[in-house]
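Open the model in your viewer and get ready to select residues as you read. Each stop tells you what to pick and what is there.

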Amino acid sequence: MNKYKNVFVFDHPLIKHKIAILRDKNTGMKEFRELVEEITTVMTYESMRDVELVPVRVETPLEVTTQYKVREESVAIVPILRAGLGMVNGVHKVFPTARVGHIGMYRDEQTFEPKEYYCKLPDGIENKTVILVDPMLATGGSAVDALDALKKRGCKNIKFMAIIGAPEGIKKVAEAHPDVTVYVSTLDRCLNENKYILPGLGDAGDRLFGTK
């Protein structure tokens with residue numbers, strides 16, 4: 001059960017339906033990739049309810065009216081490489097002009113600790129709402145380190161989205177970064193001895209890109 005105020009676990013029937021297919025070991029790469037994008041799009045709508053709006057004048061066929069739009073270039077997407085790449089298009093369906101940065105992390109197979117090997121972010125990212133994405137929130141190490149990297153570069157308004165989270169990862173991120181809102185589609189049972197989420201869906205990067 002989630003006990004953190006900065007963590008939101010979605011309870012949406014359409015997401016549950018898609019995650020059931022996503023978990024299936026017989027779901028192929030193409031369908032897996034499409035499901036990740038679809039789930040991410042639904043999550044983006046729900047997680048960006050507080051996005052900044054600015055008034056604009058719009059001329060309808062009948063009159064001129066004041067309406068509201070998302071401020072230009074106010075959103076940036078940052079996937080944690082490599083699996084996070086699978087979520088970028090899902091966010092872009094909602095914010096098609098959002099700039100994209102990249103943070104590269106890998107997990108030491110002996111210590112299970114994350115290591116940063118790449119970071120390239122859009123200019124002015126410190127003034128944007130940053131959506132950090134990674135399909136799996138397992139130990140939380142990569143997410144915490146990626147959030148540290150963003151904050152070191154001046155980012156103040158950050159949201160983190162993962163499709164599946166483990167209690168261990170939720171705890172680590174929520175406590176290390178209480179100012180970051182964390183969104184997960186579902187909260188799984190635990191991690192196994194190899195730090196994979198159970199029941200999980202296997203290695204998201206491998207299933208997205210057809211590697212092992």
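Does threonine 186 count as buried or exposed? Keep that in mind while you make the first selection. Note that this is a predicted model.

**Stop 1: threonine 186**

Select threonine 186, which sits in strand S11. Its relative accessibility is 19%, so threonine 186 counts as buried. The cut-off for buried is under 20% relative accessible area.

Now show what touches it. Setting aside neighbours within four places in sequence, threonine 186 is in contact with Val9, Ile19, Arg23, Ile163, Ile164 and Gly165.

**Stop 2: strand S11**

Widen the selection to residues 181-187, the whole of S11. This strand is mostly covered, with 5 of its 7 residues buried.

Which strands pair with S11? Select strand S1, residues 7-9. S1 and S11 pair in the parallel sense over 3 bridges. Look for valine 9, which stands opposite valine 184 in S11.

Then select strand S10, residues 157-165. S10 also pairs with S11 in the parallel sense, over 6 bridges. Here phenylalanine 160 has valine 182 of S11 as its bridge partner.

As you look along a strand, keep one rule in mind. In a regular strand the side chains alternate between the two faces of the sheet.

**Stop 3: a helix joins the picture**

Add helix H5, residues 167-176. Follow S10, H5 and S11 together: they make a right-handed β-α-β unit.

**Stop 4: helices H1 and H2**

Select helix H1, residues 13-23, and helix H2, residues 29-47. Two packed helices are described by the angle between their axes and the distance between the axes. For H1 and H2 the angle is about 155°, and the axes are 10 Å apart. That makes H1 roughly antiparallel to H2. H1 passes H2 in a left-handed crossing.

Show the side chains where these helices meet. From H1, pick Ile15, Lys18, Ile19, Ile21 and Leu22. They meet Glu31, Phe32, Leu35, Val36, Glu38, Ile39, Val42 and Met43 in H2. Ile19 may look familiar: threonine 186 is in contact with Ile19.

**Stop 5: helices H2 and H3**

Keep H2 and add helix H3, residues 85-92. How do H2 and H3 cross? Their axes come within 7 Å and cross at roughly 50°. H2 and H3 are therefore oblique to each other. The crossing of H2 past H3 is right-handed. On the H2 side, the contact is made by Val36, Glu37, Thr40, Thr41 and Thr44. On the H3 side, it is made by Gly86, Met87, Asn89, Gly90 and Val91. Val36 takes part in the meeting with H1 and in the contact with H3.

Stay on H3. Its Gly86, Met87, Val88, Gly90 and Val91 are buried. What covers them? The cover includes H2, strand S4, strand S5, strand S8, S10 and helix H6. Select 75-81 for S4, 99-100 for S5, 129-133 for S8 and 204-209 for H6.

**Stop 6: alanine 149**

Move to helix H4, residues 141-152, and pick alanine 149. Alanine 149 is buried, with a relative accessible area of 3%. Leaving aside neighbours within four places in sequence, it is in contact with Ile103 and Glu116. Try a distance label to glutamate 116: from C-alpha to C-alpha it should read 9.1 Å. In sequence, alanine 149 and glutamate 116 are 33 residues apart.

**Stop 7: unusual backbone spots**

Most residues other than glycine have a negative phi, and most peptide bonds are trans. Now visit some exceptions.

- Leucine 81 and arginine 82 are joined by a cis peptide bond, with omega about 5°. Arginine 82 is in the loop between S4 and H3.
- Leucine 198 and proline 199 are also joined by a cis peptide bond, with omega about 0°. Proline 199 is in the loop between strand S13 and H6.
- Glutamate 73 has a positive phi, near 50°. It lies in the loop between strand S3 and S4, and counts as partly exposed at 38% relative accessibility.
- Lysine 195 has a positive phi of about 70°. It lies in the loop between strand S12 and S13, and is partly exposed, with a relative accessible area of 31%.

Definitions and conventions
Residues are numbered from 1 along each chain as its sequence is written. This is a predicted model: local features need pLDDT of at least 70, side-chain atom pairs count only at pLDDT 80 or more; totals for chains, interfaces and linings use all residues. Side-chain values use heavy atoms; hydrogens and water are left out. Buried means under 20% relative accessible area, exposed over 50%, partly exposed in between (1.4 Å probe, protein chains only). Helices (H or I, at least four residues) and strands (E, at least two) are DSSP runs, numbered from the N terminus. Two strands pair if DSSP finds at least two bridges between them. A crossover is right-handed if, with the strands pointing away from the viewer, the path from the first strand over the helix to the second runs clockwise. Axes are lines fitted to C-alpha atoms, for helices over the stretch in contact, and angles run from 0 to 180 degrees between N-to-C directions. Angles under 35 degrees count as roughly parallel, over 145 as roughly antiparallel, 65 to 115 as roughly perpendicular and the rest as oblique. A crossing is left-handed if the near helix is turned anticlockwise from the far one by less than a right angle, and right-handed if clockwise. Contact means heavy atoms within 4.5 Å.
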